[in-house]
Amino acid sequence: MIYNQIIEYPFGSLIIGISTNIIVILSSIGALNGLILSIFLLFSKGEYKHANRILALLVFAISLRIGKSVLISFFYAPLIIIQIGLTGFVSIGPLLYIYLLYLLEPKSKRKTIPMILAHSSSIFIFISLCLFLPPKLYLIYRHHIYFYIQLVFLFYLLISFFLWKKNRAAYKNDRKRLFILNWAKYMISGVFIIWLAYYLNVVFYKKFFYILSPILYSFILYISIFWILNKRNFTTVFSQEEKYRHSALSDDESTEYLNLLLEKTEKDKFYLDPNITITKVAEDLGTLPLYLSQIINKDLNKSFSDFINSYRLEEAKKKLSSEKYSHIKIAAIALESGFNSISSFNTAFKKQNNCTPSEFRKLRLK
């Protein structure tokens, strides 16, 4: 049904024609799909299964809170539903922090039970209030309880941010960890946006912000899924952890071989050989091809061919930028840089630089 509804904004009221059905769908779709996603994450396997289970609880808690908002805004909701929704709300902060601990500092999972108990005190306090306060008293003090929940939420947002900041400084040169850090930053930002919408509702007491929160959650949830699907590295990073979990290669050995690989690559320039293979390089380093593949995949987040081509492309760009090579054909430069065909060179070059080799040369030799 289409009708004129007054939506309250912080700076006045705007009368617009809107569809209640559309608002209900936009508000509830995130909550429903969040519940489905939480079930999927709960039964996921792999090296990050513990982190995924905490993430499942986090998504479930947010979905409960969003579902409660939808019910109150458009349907009838008894007091018990309100209390369940707010229990989800007070759980979001602690679950976010525990999830980031698992993700950024995997060794923390050794202290699972004490850690969860320590950060669940706010949840236990709220549930106790729900159970032991008579309904009339609960309704009288509900604003104070809600203010307490907001403070708990803000506290955990802040310590989650500082946890991310600490790890960003520690892993700023680690490409694999950098991807995980970006995901953690996205999680904190998304949860912060939801908290902000609810907080603005408390400050201005405008229904607009209350309805906005579920809609924002729907968008954040689907943007997250879209972002993950468009980041090939997401599955690569997490699958590699499981793939090499039982490898006999220690972290110290891996670091030693990586340094040796980078040193020999710069010194010997074996990437200029178009017939170079991972077997030949592994033999020169005194290791197995499987271990060398593991080192390049885990520590550099690349395949062997991508690793070799990155050096070849840098070699080609140096020559394309030099007046000394301005009279040399691009095809010749490609072959001299180690590529065995001009087509593979053009494809790799455009993928890395978002322009063709000829366009690159024109810009550099202006």
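What share of the contacts in the protein with a separation of 6 or more comes from residues 24 or more positions apart? The share is 68%. The points below concern a predicted model.

1. Overall composition. The protein comprises 17 helices and two strands. Of its 366 residues, 43% count as buried. The exposed area amounts to about 20600 Å², and carbon and sulfur atoms supply 64% of that area.

2. Helix H14. This helix covers residues 304–320. Its 17 residues should span 24 Å at 1.5 Å a residue, and the end C-alpha atoms are indeed 24 Å apart, so the expected and modelled lengths agree. H14 is mostly covered, with 13 of its 17 residues buried.

3. Salt bridges within H14. The structure holds four salt bridges. One of them joins glutamate 314 to lysine 317, with the closest N and O atoms 3.1 Å apart. These two residues are separated by about one helical turn because they stand three residues apart in helix H14. Their exposure is as follows: glutamate 314 counts as partly exposed at 38% relative accessibility, whereas lysine 317 counts as buried at 15%. The cut-off for burial is under 20% relative accessible area, so the value of 15% places lysine 317 in the buried class.

4. A network involving H14. Lysine 319 forms a salt bridge with glutamate 315, the closest N and O atoms being 3.9 Å apart. Both residues belong to helix H14 and lie four residues apart, about one turn of the helix. Lysine 319 and glutamate 315 are both buried. Through salt bridges that share partners, Glu315, Lys319 and Glu336 are joined into one network. A reader checking the 3.9 Å pair should note that the salt-bridge criterion is a nitrogen-to-oxygen distance within 4 Å.

5. Serine 337. This residue is found in the loop between helix H15 (330–336) and helix H16 (342–353). Is serine 337 buried or exposed? Serine 337 is buried, because its relative accessible area is 0%. A polar atom of its side chain lies 2.8 Å from the backbone oxygen of isoleucine 333. Not counting residues up to four places away in sequence, serine 337 touches Tyr271, Leu272, Arg312, Glu315 and Ala316. One of these, Glu315, also belongs to the salt-bridge network of the preceding point.

6. Serine 91. A second serine with a side-chain contact to a backbone oxygen is serine 91, which lies in helix H3 (residues 79–104). A polar atom of the serine 91 side chain lies 2.6 Å from the backbone oxygen of threonine 87. Serine 91 is classed as buried because its relative accessible area is 9%. Leaving aside neighbours within four places in sequence, serine 91 is in contact with Ala61 and Ile123.

7. Helix H11 and the loop after it. The side chains of aspartate 268 and lysine 264 meet in a salt bridge, at 3.1 Å from N to O. Both residues lie in helix H11, four residues apart, about one turn of the helix. Aspartate 268 is partly exposed, with a relative accessible area of 41%, and lysine 264 is partly exposed as well, at 22%. Lysine 269 lies in the loop between helix H11 (251–268) and helix H12 (278–285). Its phi is near 50°, a positive value in a residue other than glycine. At 37% relative accessibility, lysine 269 counts as partly exposed.

8. Helix H13 and further positive phi values. Helix H13 (residues 289–300) has twelve residues and reaches 16 Å from its first C-alpha to its last, close to the 16 Å expected at 1.5 Å a residue. Its buried residues include Leu292, Ile295, Ile296 and Leu300. Just after H13, asparagine 301 takes a positive phi of about 55°. Asparagine 354, in the loop between H16 and helix H17 (357–364), has a phi near 60°, a positive value in a residue other than glycine. Asparagine 354 counts as exposed, because its relative accessibility is 68%.

9. A nonpolar surface patch. Phe192, Ile193, Leu196, Tyr199, Val202, Val203 and Phe204 form a nonpolar patch on the surface, with about 560 Å² of accessible area together. Phenylalanine 204 lies in helix H8 (residues 175–204). This phenylalanine is partly exposed, with a relative accessible area of 40%.

Terms used
Residues numbered from 1 in each chain as written. Predicted model: local features only at pLDDT ≥ 70, side-chain atom pairs only at ≥ 80, totals over all residues. Heavy atoms only, no water. Buried < 20%, exposed > 50% of the residue type's maximum accessible area, 1.4 Å probe, protein only. Polar contact = N/O pair within 3.5 Å; in protein donor to acceptor, adjacent residues only side chain to side chain. Contact = heavy atoms within 4.5 Å. Patch = residues over 30% accessible without salt bridge, like charges linked within 9 Å, V, L, I, M, F, W, Y side chains within 5 Å. Areas by Shrake-Rupley, 256 points an atom, 1.4 Å probe, with all protein chains shown as cover. Expected span 1.5 Å × (residues − 1).
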